[in-house]
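I opened a new model today and went through it one lookup at a time. My notes are below, in the order I made them.

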Amino acid sequence: MPVVELSYTRLQKLIGKVSKKQISDSLPFLGLDIESENKDLVRVEYSPNRPDYSTDFGIALGLQGLLGIKTGAIKLAIKRSKKYPISVNSSVSKIRPFVTGIIAKNGKIDDSMIKQFMTMQEDLHFGIGRKRKKSSIGIHDLDKISFPLLYTTTNKNYEFIPLNSEKPISISEIMTNTDLGKEYGSILGHSSMVPIILDSNQQTVSFPPIINAAVTTVTSKTKNLFVEVTGINKEDAEDMLSVVATILQKAGFVLESVHITGSKNSTPKLEQKKISVTSKLINQTLGLNLKTSKIISSLKKSRLDASSKGKQILCTIPAYRFDIFGPMDLVEETALGYGIQNLEPMLTPSQTIGQINPISLELKSLSQIMIGIGFLEALNSSLTSKRVLYEMTNRNSEKIISVLDSKSQEHTILRDSILPGLLENLSKNIHESYPQKTFEIGTVFTLNDSVSEKTNFSGISAHQDANFTEIKSVLQSALKTGFGLQIDTKTTTHPSFEDGRCATILQNGKPIGIIGEIDSKIIENYKVRVPVVGFEISLSESILKSI
């Protein structure tokens, strides 16, 4: 979680008549965790979905609302103007197609403000900018720039003086020899052309998303700012801009629009949006009985605007609050405005007495037995990859279960076996000493007419003398000690195990799993240097079925 350092004295000036204790007591109820305090300084941790809290200006806006000093939505006062045109060349459309920006005038900048702007900039890059891939921001000294600007492309031999340098170097050198170039150069792919922002004197303003030009560096003498945001998505770029614009307005700057034309780009509007919610949903969710007027005042303390419209409460959301998507978010904002400290915990009325699920007790007992035998318990995700689950273990992927719209590019498959995950654990610990013995009890998924879940139990042992007899005795001991369960084995073949050293596990003549020595080629796939033995059984078909 990102952390920002604040000064109580500075916050007091920004908020108004408020004591240090009031600020300290209120910070946690704004969703900020106090990490440390040292005299006048306090370090707080904030959620990445609230990038406006990356500066004391944003936190001051939130505290003003929470303390009732200033409530309601922050309205951006942007003077519409065509004095600052930006033209977009179509050559950027396949590289980084969108640019937006804003002008901020007549502000006073000190070293502390510059430090906070830099922190805000990097937190925005890391969060909604997705490490500058989706969008990136540049803050410049307006008085060093001659409008109109051109957002276009250039080749990698083009030279300019980048930030913190004194001599011109080529873009190719920036991408290969500087820290920022090495870290973010891959965002631009392998194209021979790269994006660039030039002013009317052909002076370089920025090479997005890598670095600004040195000539536009912001110092404590800077009074007027130009903020530009480039990205691959117009909405994301404008979300980032809305945060910066809100912070700059709170910092005392007067905002003025830029005029953008060309290649699907347009002047940003940074408009508020409206979402409706009912008092019934709020009261039912929070366990309260608030009147509509109280809900509206609570929402205003969260720096939103709200009004009653029939049975609905119509909320106006500022552009920088893009973390608010729907009614449940407004329930949370109501709770914050009402005061988390004012919510009284109550026991939920129930007609039954809670107790531990008997199946959970059996599984815990099995875990303790395996730990007693000398095994370490693993906990792997149910989501894995096709490579780990099938390709590296030589297993049939005919009944693969893929997850739609997975947030991870790699973990897109629901596992149907635990054993591959344990082998993957071994591959990540090849530099540790042996023996390595691990087990896992967890959920696997099978696909027949529909997707079903069951509980499996798997274990592996890796060391120089690992063999079939060892792992069979481990499984027999665990099941007999815990449940008095007898098992038999019958020779079989399996693509993940050595021929002749693999068996089906039988309980009352019914197959419930597989056991044996892992195939040497699969061990090589995982880069493990010693023999590995393992087993996997379905507990749903044996122990748990009788509970």
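These entries go from the whole chain down to single residues.

**Entry 1: what I am looking at**

I note first that this is a predicted model. I looked up the make-up of the protein chain and got 15 helices and 28 strands. Next I wanted its spread: the radius of gyration is 30 Å, while the globule rule gives 24 Å for 547 residues, so I wrote the chain down as more spread out than a compact globule. Along the principal axes, the C-alpha trace spans about 85 × 65 × 50 Å.

**Entry 2: domains**

I pulled up the domain division. Domain 1 covers 3-66, domain 2 covers 78-261, domain 3 covers 273-341 and domain 4 covers 358-538. I also checked one pair of centres: the C-alpha centres of domain 2 and domain 3 are 36 Å apart.

**Entry 3: surface and contacts**

How much of the protein chain is buried? I got 49% of the 547 residues. The exposed area comes to about 27500 Å², and 50% of that is supplied by carbon and sulfur atoms. I then looked at contacts between residues at least 6 apart in sequence, and 71% of them join residues at least 24 apart.

**Entry 4: cysteines**

I searched for disulfides and the count came back as 0. While there I looked up the cover on two cysteines. Cysteine 315 has 0% relative accessibility, so I logged this residue as buried. Cysteine 502 has a relative accessible area of 2%, which also falls under the 20% cut-off, so cysteine 502 goes down as buried.

**Entry 5: aromatic pairs**

I asked for ring pairs and the structure gave me 5 aromatic pairs. One of them is phenylalanine 147 with phenylalanine 226, an edge-to-face pair at 5.5 Å centre to centre with 85° between the planes. Why does this pair tie together parts that are apart in sequence? Phenylalanine 147 sits in the loop between strand E7 (135-141) and strand E8 (149-155), whereas phenylalanine 226 belongs to strand E14 (residues 225-231), so the pair links parts 79 residues apart in sequence. Both phenylalanine 147 and phenylalanine 226 are buried.

I then turned to tyrosine 158 and phenylalanine 160, which make a tilted pair: 6.4 Å centre to centre, 35° between the planes. Are the two partners buried or partly exposed? Tyrosine 158 has a relative accessible area of 22%, so I have this residue as partly exposed. Phenylalanine 160 is at 5%, so this one is buried.

I also looked for clusters, and Tyr84, Phe147 and Phe226 form one.

**Entry 6: cis peptides**

Back to phenylalanine 147, since a cis peptide bond joins this residue to proline 148, with omega about 5°. Proline 148 is in the loop between E7 and E8. I noted another cis bond between tyrosine 434 and proline 435, where omega is again about 5°. Proline 435 lies in the loop between H13 and strand E23 (436-447).

**Entry 7: helix H13**

That loop sent me to H13 itself. How many residues of helix H13 (residues 419-427) are buried? I counted 9 of its 9, so mostly covered is how I wrote the helix up. The buried residues in H13 include Leu419, Pro420, Gly421 and Glu424.

**Entry 8: positive phi**

I went looking for positive phi at residues that are not glycine. Arginine 130 has a phi of about 50°, and this arginine is in the loop between helix H4 (111-126) and E7. Glutamine 202 has a phi of about 65° and lies in the loop between strand E11 (193-198) and strand E12 (204-207). Is glutamine 202 buried or exposed? Its relative accessibility is 55%, so I marked glutamine 202 as exposed.

**Entry 9: leucine 150**

I finished with a single residue in strand E8, leucine 150. Its relative accessibility is 30%, so leucine 150 counts as partly exposed. What does leucine 150 contact, leaving aside its neighbours within four places in sequence? I found Ser87, Asn89, Ile196, Ile197 and Leu198. I also looked up leucine 150 against leucine 255: they are 105 residues apart along the chain, and their C-alpha atoms are separated by 21 Å.

Key. Residues are numbered from 1 along each chain as its sequence is written. This is a predicted model: local features need pLDDT of at least 70, side-chain atom pairs count only at pLDDT 80 or more; totals for chains, interfaces and linings use all residues. Side-chain values use heavy atoms; hydrogens and water are left out. Domain bounds come from an automatic or database domain assignment. A disulfide is a pair of cysteine sulfur atoms within 2.5 Å. Buried means under 20% relative accessible area, exposed over 50%, partly exposed in between (1.4 Å probe, protein chains only). Helices (H or I, at least four residues) and strands (E, at least two) are DSSP runs, numbered from the N terminus. The radius of gyration is taken over C-alpha atoms; the globule rule is 2.2 Å times the number of residues to the power 0.38. Contact means heavy atoms within 4.5 Å. Accessible areas come from the Shrake-Rupley method with a 1.4 Å probe; for residues, only the protein chains shown count as cover. Rings of Phe, Tyr and Trp (its six-membered ring) pair if their centres lie within 6.5 Å; planes under 30 degrees apart count as stacked, over 60 as edge-to-face and the rest as tilted.
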